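Here is a short note to go with the structure shown below. The points can be read one at a time, with the view turned as you go.

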Amino acid sequence: MAANMVNRVVMPGDILGSIQDIQHQSENKNTKPRLGPGLRQEKDIVIAFKSGVLRHRSPATFWIDTNQKRYIPVKEERVIGVVLNKAGDNFKVDIGTSISASLSSLAFEGATKKNRPNLQIGDIVYARLAVANKDMEPELDCTDGSGHSTGLGPLNGGFMFTCSLGLSRKLLSKDFTLLPLIGKYFPFECTVGSNGRVWINAKTLAHVIAISNAITNAEYMTDKQIHTMVRQLVEGIM
């Protein structure tokens with residue numbers, strides 16, 4: 001069953017069990033299991049359609065961790081996009097997929113027809129995927145679904161760079177020590193998109209460059225190696 005296969009390698013076609021079995025083994029038995037990238041439900045059975053490591057996040061979210069190159073939109077994931085152009089009341093936004101996503105000018109907290117953000121081509125936005133279907137254009141929303149931004153919206157200033165999808169998932173994990181460790185020495189802002197994009201803002205350009213290099217270099221490091229790297233980074237800048 002999926003709950004017993006967490007952190008194990010699975011292959012396309014592997015049957016991970018029924019929804020009821022997975023729900024019964026989850027921490028909260030009243031929470032319906034949520035299937036992320038690499039998993040699909042066929043009738044009552046959960047099947048893997050990608051190879052990788054099965055991951056779990058409380059209370060009942062499962063997905064397959066695989067280091068693919070191109071991002072595939074997943075509903076409710078948060079991504080960083082770049083505004084390409086404006087068509088009517090909608091913006092076309094590049095989120096690293098084969099087709100651009102659509103972002104309504106009213107999909108912002110407190111936005112009205114008279115009061116809405118004036119995004120320009122090249123602006124960076126942090127948004128939630130409200131619609132993600134292989135047969136439809138992805139749709140973005142800069143609110144959490146209840147009308148509040150909760151950190152979503154335009155990202156002003158700073159520096160954006162791309163990384164692997166595997167590294168972006170690491171950065172979003174509470175167990176990855178890099179960002180909290182850097183924050184002990186340098187005040188900075190960091191936004192990570194599930195689509196392999198990272199936005200950094202700090203007091204000086206030197207800090208921005210140092211932090212972005214540290215993030216890129218840390219992908220395959222152990223915690224001990226990360227501590228050593230950050231210490232050397234601090235000594236080099238101070």
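1. A good place to begin is the stretch from residue 34 to residue 70. Here the chain is 57% strand and 0% helix, and the C-alpha atoms at the two ends lie 22 Å apart. A UniProt record (unreviewed entry) places the feature "domain: Exosome complex exonuclease Rrp40 N-terminal" at these residues. Please keep in mind throughout that this is a predicted model.

2. Next, look for an open sheet of four strands, in the order β1-β6-β7-β3, with mixed pairing. Its edges are β1 (9-10) and β3 (34-35); each has a single partner strand, so one side of each is left without a neighbour in the sheet. β3 runs parallel to strand β7 (residues 61-65), and two bridges join them. To find this pairing on screen, look for L35, which stands opposite F62 in β7.

3. K43 deserves a quick look. This residue lies in the loop between β4 (39-42) and β5 (45-48). K43 is not a glycine, yet its phi is positive, at about 60°. Is K43 buried or exposed? With a relative accessibility of 83%, against a cut-off of over 50%, K43 counts as exposed.

4. Now turn to β11 (124-131), the strand that follows the loop holding G110. Six of its eight residues are buried, so β11 is largely enclosed by the rest of the structure. Which strands pair with β11? Strand β8 (residues 78-87) pairs with β11 in the antiparallel sense over five bridges, and I80 stands opposite Y126 there. β13 is also antiparallel to β11, joined by three bridges, with V125 opposite P154. β12 pairs with β11 over three bridges, again antiparallel, and the bridge partner of L129 in β12 is L140.

5. Two loops in this region are worth visiting. G110 sits in the loop between β10 (101-108) and β11 (124-131) and is exposed, with a relative accessible area of 56%. G110 and T143 are 33 residues apart in sequence, while their C-alpha atoms are 9.6 Å apart in space. T150 is in the loop between β12 (139-142) and β13 (153-155). T150 has a positive phi of about 45° although it is not a glycine, and with a relative accessible area of 42% it is partly exposed.

6. Further along, the UniProt annotation "domain: K Homology" (unreviewed entry) covers residues 158-204. This span is 30% helix and 34% strand, and its end C-alpha atoms lie 10 Å apart.

7. An open sheet of three strands has the order β14-β16-β15, and the pairing is antiparallel. The edge strands, which pair on one side only, are β14 (159-162) and β15 (188-193). From one strand to the next, the twist averages 20°. Four bridges link β14 with strand β16 (residues 197-202), and M160 stands opposite W199 in β16. Helix α4 (residues 205-217) packs on this sheet, touching β14, β15 and β16, and its direction makes about 150° with that of β16.

8. While you are at β14, note the aromatic rings. The structure holds one aromatic pair: F159 and F161 are stacked, 5.9 Å from centre to centre, with 25° between the planes. Which of these rings is buried and which is partly exposed? F161 is buried, with a relative accessible area of 9%, whereas F159 is partly exposed at 38%.

9. Finally, consider the interior. In soluble globular proteins, nonpolar side chains tend to be buried together. The largest nonpolar core here has 25 residues, and those with the most contacts inside it are L171, L178, V198 and I215. At least two residues of this core come from each of α2 (165-172), α3 (178-183), β16, α4 and α5 (223-237). Leaving aside residues up to four places away in sequence, L171 touches F176, L178, L179, V192, V198 and I215. Apart from this core lies another, of 23 residues, including I80, L103, I124 and L155.

Notes:
Residues numbered from 1 in each chain as written. Predicted model: local features only at pLDDT ≥ 70, side-chain atom pairs only at ≥ 80, totals over all residues. Heavy atoms only, no water. Pairing = 2+ DSSP bridges. Axes fitted to C-alpha atoms, helices over the stretch in contact; angles between N-to-C directions. Contact = heavy atoms within 4.5 Å. UniProt positions renumbered as here; feature names shortened; annotations may be inferred. Core = buried A, V, L, I, M, F, W, Y, C linked by side-chain atoms within 4.5 Å. Buried < 20%, exposed > 50% of the residue type's maximum accessible area, 1.4 Å probe, protein only. Phe/Tyr/Trp six-rings, centres within 6.5 Å; stacked < 30°, edge-to-face > 60°.
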